[in-house]
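Let's walk through this one together, one question at a time. Keep the viewer open so you can follow along.

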Amino acid sequence: MQASKHLIWVTLCGLLLSTSCKKEIEQEVIYDNIIYEIDTVPVYQSNAEKDRLKTPLQYISGLYSNLYLSGIPSNVLDNLVIYRLSIGDKTLVNEMILNAMLDSPDVLATIPDDSEMRDDVEAFVEECYLRFYLRKPSAYELYAMTEMIDGDADMTVVDVYRAFLLSNEYMFY
Amino acid sequence: MKRRKFIRNTFMATAGMMTAPYILPAGTISRSSGFRLANHVVLVVFGGGIRNQESVGQQYLLNQAAGPGGNIMPNMLTGAQPTYNLLYTPWETAVASPLATKGTLYKHMRYAGGPTGHFNGHTAVITGNYTSDSLNLSANPVMPTIFEYYRKHNDPVASALNAWWMSIDLGPYVYLNYSQDPVYGAKYGGNYMSPTTTFGSLGVDYFSTLNTMHPEEITRMQTIKSFLDANFDRSVTDIPGILNSDENRQLIQDFMLQLIQGDIPVEYPLPPGIGLDQMTGDLSNIAVSWKVLQQFHPELMVINTTNLDICHTNFSEYVKYLHKADFGVGWLWDKIQSDPVLANDTIMICIPEHGRNAVPNTIPDANGLFAYDHTGDENSRDVFCLVVGPPSVVNQGLVVGSEDAPEGETIDVVPTIAHILGFKDLIPPGYLPGSILEAAFV
């Protein structure tokens with residue numbers, strides 16, 4: 001790993017001698033991905049670091065990218081932000097928007113099915129915390145959440161996702 | 001009249017000392033801390049500005065020397081309609097007799113302070129306080145709204161399901177369901193909807209196939225959400241906006257989906273034989289407001305209309321919209337009287353946010369009629385107010401106030417609603433400069 005890192009670094013340095021600043025930034029991003037194979041990185045050590053409330057725009061675009069695994073089209077974002085204005089209870093309208101997304105076949109294609117969740121509940125819980133909270137669960141959270149899912153045969157992936165995406169912590173960053 | 005008022009006031013003073021619930025004239029038991037005249041109030045705010053000349057003045061085209069006078073609001077006002085030079089197709093009335101015969105008409109009332117702007121006018125009616133040039137259009141009002149007074153000063157605190165602000169437009173109006181006041185605020189705010197958006201094309205596009213959640217799904221979601229929330233030290237109350245209880249939130253969501261998906265049929269405020277192409281935004285707002293009234297029987301609802309603002313550029317269309325809005329109000333009152341919970345236990349107050357200028361601008365419409373703005377002249381501060389209710393509570397067929405001696409101000413609406421719903425005396429001093437519209441009540 002170290003050897004390949006060094007090789008790429010040297011190659012990059014050579015390239016940078018004849019490229020622009022913009023090019024330099026792009027190459028560094030590629031370099032990081034190759035070396036560390038980053039997919040999802042916990043950016044919070046604990047939820048206490050989250051003290052800023054997401055704006056409606058951040059909340060809706062975050063929901064979309066978390067569920068569709070792609071950026072939200074600007075017209076969809078505009079429409080949903082306007083729609084959100086038309087209802088006074090923001091928890092209610094957040095629920096409706098989330099439920100509509102969770103009903104989408106495109107979203108259902110991106111989430112694990114219930115049997116996958118049951119195969120390895122701990123891994124599923126860890127994945128949920130990383131995907132939605134950008135942190136790892138504490139030992140207690142991992143244990144308790146796993147128990148809750150294991151203890152309820154009717155609990156579905158959608159139930160768990162819905163709870164995460166409507167939770168207070170998801171509203172903050 | 002004076003003797004009756006004395007007896008009533010004496011009774012109110014006695015009732016104020018009582019702590020137990022008591023029977024209302026309409027036969028229902030009050031839940032509030034004080035004496036109630038009725039258990040439901042519907043406030044209709046005519047946004048856009050209506051000149052008294054075309055409403056209670058019944059001048060129709062006289063003012064422009066272009067035709068006859070006449071009453072173009074036959075559902076609300078008594079008086080003969082114009083018979084020629086009609087700019088509109090007359091609709092048959094929704095009520096057997098005009099609402100003015102079922103209540104008290106303040107023929108000339110003052111919008112006495114602050115700019116004659118739409119948001120200023122709305123804010124004055126809904127908060128009971130005039131505003132200034134510095135009113136922030138992107139923030140909740142500084143002074144509490146009627147929704148907050150109502151919810152906070154009921155024992156137990158009234159749920160948000162009982163207080164609704166139904167606005168045709170978004171813009172600054174989305175901020176009028178609660179204030180920035182630290183004693184009141186979002187915690188006591190009313191539910192807000194803008195039906196033309198909530199149930200318009202966006203609502204249909206995104207939610208027409210969405211299923212309501214099963215109770216078991218909700219329970220499972222709540223179980224996990226409770227756990228997650230218990231492990232995060234910021235509460236949902238940090239999130240701006242009003243809150244319903246989990247149960248009420250679900251009721252509202254189910255109602256919305258049923259309405260969007262057609263399971264609750266919409267009734268259109270149109271006379272027989274008039275097509276849907278004649279619907280206006282104002283009438284759509286009234287139609288959905290009626291569904292909310294019918295579904296939840298809220299104790300307080302505020303509805304607005306704004307189509308009348310077309311008067312800046314098109315006087316003929318303004319007349320048409322006024323005629324239609326009048327029908328919508330009559331239709332709504334008729335519907336209210338058909339509901340077993342609301343009938344004979346509802347007081348409706350209708351008031352324009354402000355008037356419009358005495359002198360037209362220079363913009364003629366297709367009929368050569370000139371338009372009117374609202375730039376703060378005395379005429380734009382002259383409005384009417386109609387208070388309609390059961391004869392045991394509201395004086396019937398009474399007209400008060402004249403051009404020379406106007407009676408009441410638009411900021412009197414909030415204390416009047418507080419009086420009707422029995423919590424006026426619980427509002428701390430200094431909040432409401434207005435007075436109760438006493439003359440309206442028996």
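Q: This is a predicted model, so let's start with a single contact: which residue's side chain meets A:E169 in a salt bridge?
A: In this predicted model, the side chain of A:E169 sits 2.7 Å, N to O, from its salt-bridge partner. The pair links distant parts of the chain: A:E169 lies in the segment after helix 10 of chain A, while its partner is in the loop between helix 8 (121-133) and helix 9 (139-150), 34 residues apart. The partner is A:R135.

Q: Are A:E169 and A:R135 buried or exposed?
A: A residue counts as buried when its relative accessible area is under 20%. For A:E169 and A:R135 the class is the same, and both are buried.

Q: Which residues are linked with A:R135 and A:E169 in a network of salt bridges?
A: The contact between A:E169 and A:R135 is part of a network of salt bridges. Besides these two, the network takes in A:K50 and A:E141.

Q: How many residues of helix 10 of chain A are buried?
A: Helix 10 spans residues 157-166 of chain A and is mostly covered. Its buried residues include the charged A:D159 and A:R162 as well as A:F164 and A:L165. The count is 10 of 10.

Q: Moving to chain B, which residue meets B:R36 in a salt bridge?
A: B:R36 lies in the loop between helix 1 (2-17) and strand 1 of chain B, and its partner is in the loop between helix 8 (281-296) and strand 5, 263 residues apart. The N to O distance is 3.0 Å, and the partner is B:E299.

Q: Why do B:R36 and B:E299 count as buried?
A: The cut-off for buried is under 20% relative accessible area. B:R36 is buried because its value is 0%. B:E299 is buried too, because its value is 7%.

Q: Which residue meets B:R51 in a salt bridge, and at what N to O distance?
A: B:R51 is buried, with a relative accessible area of 0%. Its partner also counts as buried, at 1% relative accessibility. That partner is B:E54, at 2.7 Å.

Q: In what order do the 8 strands of the open sheet in chain B stand?
A: The pairing in this sheet is mixed. Strand 4 (191-193) and strand 8 (398-400) stand at the edges, each with a single partner strand, so one side of each has no neighbour in the sheet. Neighbouring strands are turned by 15 degrees against each other on average, direction ignored. The order is 4-3-5-1-6-7-2-8.

Q: Which strands of chain B pair with strand 1?
A: On one count, 7 bridges join strand 1 to a parallel strand at residues 346-352, where B:F46 stands opposite B:P352. On another, 6 bridges pair strand 1 in the parallel sense with a strand at residues 300-305, and there B:V42 stands opposite B:M301. The partners are strand 6 and strand 5.

Q: How many residues of strand 1 of chain B are buried?
A: Both faces of strand 1 are covered, with B:H40, B:V42, B:V44 and B:F46 on one side and B:V41, B:L43 and B:V45 on the other. The strand is mostly covered, and the count is 7 of 7.

Q: Which helix lies across strand 1, strand 3 and strand 5 of chain B?
A: Strand 3 (residues 163-166) and strand 5 run parallel, joined by 4 bridges, with B:W165 opposite B:V302. The helix lying across these strands and strand 1 runs at about 170 degrees to strand 5, and it is helix 8 of chain B.

Methods
Residues are numbered from 1 along each chain as its sequence is written. Chains are lettered from A and ligands numbered from 1 in the order in which they are written. This is a predicted model: local features need pLDDT of at least 70, side-chain atom pairs count only at pLDDT 80 or more; totals for chains, interfaces and linings use all residues. Side-chain values use heavy atoms; hydrogens and water are left out. Buried means under 20% relative accessible area, exposed over 50%, partly exposed in between (1.4 Å probe, protein chains only). Helices (H or I, at least four residues) and strands (E, at least two) are DSSP runs, numbered from the N terminus. Two strands pair if DSSP finds at least two bridges between them. A salt bridge is a side-chain nitrogen of Lys or Arg within 4 Å of a carboxyl oxygen of Asp or Glu. Axes are lines fitted to C-alpha atoms, for helices over the stretch in contact, and angles run from 0 to 180 degrees between N-to-C directions. Contact means heavy atoms within 4.5 Å.
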